[in-house]
Every structure is written in C-alpha cells, then in structure tokens.
Amino acid sequence: MRKLRMLTYGVTVLVCVWAITPNVARAQVKSQDPRVALVDNCDPNTFPNGLCVVLPRPGDTTFAEFLALLFSPLIDSGRVFVGHPAWRFEPSYLSIQAGQTVRVTNSGGEGHTFTEVLTYGGGSIVGPPLNLNGLDAVRAPECPANPNNLVVVAQGDTVQVKGLSAGPHKFRCCIHPWMRAVIDVEE
Ligand SMILES: [Cu+2]
C-alpha cells in the first residue's frame, strides 16, 4: 500500500513537472503578456545612502558581497562589463510579436533604468565603485552623462515599452551596465 502511495506520488510529481515545464519555457520566449523584471538582491541594511529599499522584500546581498563580485573575470583591457549576477533583467531575452506591449517592472530594491541603446557600453555613473575611474567602458550615448538626468524605474514601478520595430532591440540599465536584455520583435 505504502509502495503504491509512493508510486502514485511519484507519478503525480512527474505529471506536474511535465505539465509545468513547457509552460514556463514558453513564457520566457513567447507570451501574450510579455514582461521583464528588473531584479536585484540588495540588502537595505548595508547599502549606502538609502540606495536600497525594502520592496517588495528585503534582499540579502550585502554591499560588501556586491562589491566583491563587481569586478568579474569578464574584463577587456581593464574595462568592466559584468557585475553581481543578482542584478539582472529577467528574462534577458524576450521574443515578442509586432505590436505587443512589454511591461517592465522593477522588482528590486534599487532604482534601475530600462534604456534602449544601439550599442552596449559604459554607464552614467563614472568612477568607482560602479566603474573603475579612468578605465570605464565608453558610455553609451543613450545613457545621460549627468546621473541626475537618469530616467529611473523606481522600486515597485512598472513602465510599458511599445511600438518597437521588427528586429532585435538592446536594453540595458544605465546605472549597472551589465544588466541587459534583448527584445526581439518578430514580424
Ligand atoms: Cu540597475
């Protein structure tokens, strides 16, 4: 009897996993309601100057941990391109149909931008700690030279991206240059 129950349980789990997995995979690429989340894991107790708020839940990456992973092995001639992987766009690749609207939600504790660029590059925050002073990648021109002019999606806010032409579009955060996504518009 116990064996039968275990077997039933096993089959149920298997069916559930089978039933869920294809939907999850599809939702990442093709969806009637395409969305991107701007995600981080900042710990509000250790990040400076109120940069990190408790929304929608406190993260647990301390500022020291963030800095420790800020300078990754993906460095080209001293130019830093990749920082802490918990700071990311989720998903980082989205395929949509022409005419679809993408909803972009900041689920993180910090402010982020969702900025379309022609070419990825450096961000609006020049110098340490986000970019090594004098060694930054060349700032993408779509990111403002003056950080006060950043168009930030505030914590918990949602913005809409619509009217994208057919083909791939590059988006990035102008504060954290390694937060990137491509929205590919199918004809
Ligand atoms: Cu960011």
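## A strand residue, a sheet and two backbone features

Val159 belongs to strand β8, which covers residues 158–161, in what is a predicted model. Because Val159 has 16 C-beta neighbours inside 10 Å, and a residue must have 20 or more to be buried but 12 or fewer to be exposed, Val159 counts as partly exposed. When its neighbours within four places in sequence are left aside, the residues in contact with Val159 are Val104, Phe114 and Val153. Of these, Phe114 stands 45 residues away from Val159 along the chain, and the C-alpha atoms of the two are separated by 9.0 Å.

The model also contains an open sheet of four strands, arranged in the order β5-β10-β9-β7 with mixed pairing. Strands β5 (93–97) and β7 (115–117) form the edges, each of them pairing on one side only, and neighbouring strands of this sheet are turned against each other by 35° on average, direction ignored. Strands of a sheet pair through backbone hydrogen bonds, either parallel or antiparallel. Here β9 (residues 167–172) and β10 (residues 180–186) run antiparallel and are joined by six bridges, and His169 has Ile183 in β10 as its bridge partner.

Most residues other than glycine have a negative phi, and most peptide bonds are trans. Two places in the loops depart from these habits, as the table shows.

| Residue | Backbone feature | Loop |
|---|---|---|
| Asn49 | phi near 55° | between β1 (35–39) and α2 (63–68) |
| Pro91 | cis bond from Glu90, omega near 0° | between β4 (88–90) and β5 |

Asn49 is exposed, because its C-beta atom has 5 others within 10 Å.

Definitions and conventions
Residues are numbered from 1 along each chain as its sequence is written. This is a predicted model: local features need pLDDT of at least 70, side-chain atom pairs count only at pLDDT 80 or more; totals for chains, interfaces and linings use all residues. Two strands pair if DSSP finds at least two bridges between them. Axes are lines fitted to C-alpha atoms, for helices over the stretch in contact, and angles run from 0 to 180 degrees between N-to-C directions. Two residues are in contact if their C-beta atoms, placed from the backbone, lie within 7 Å.
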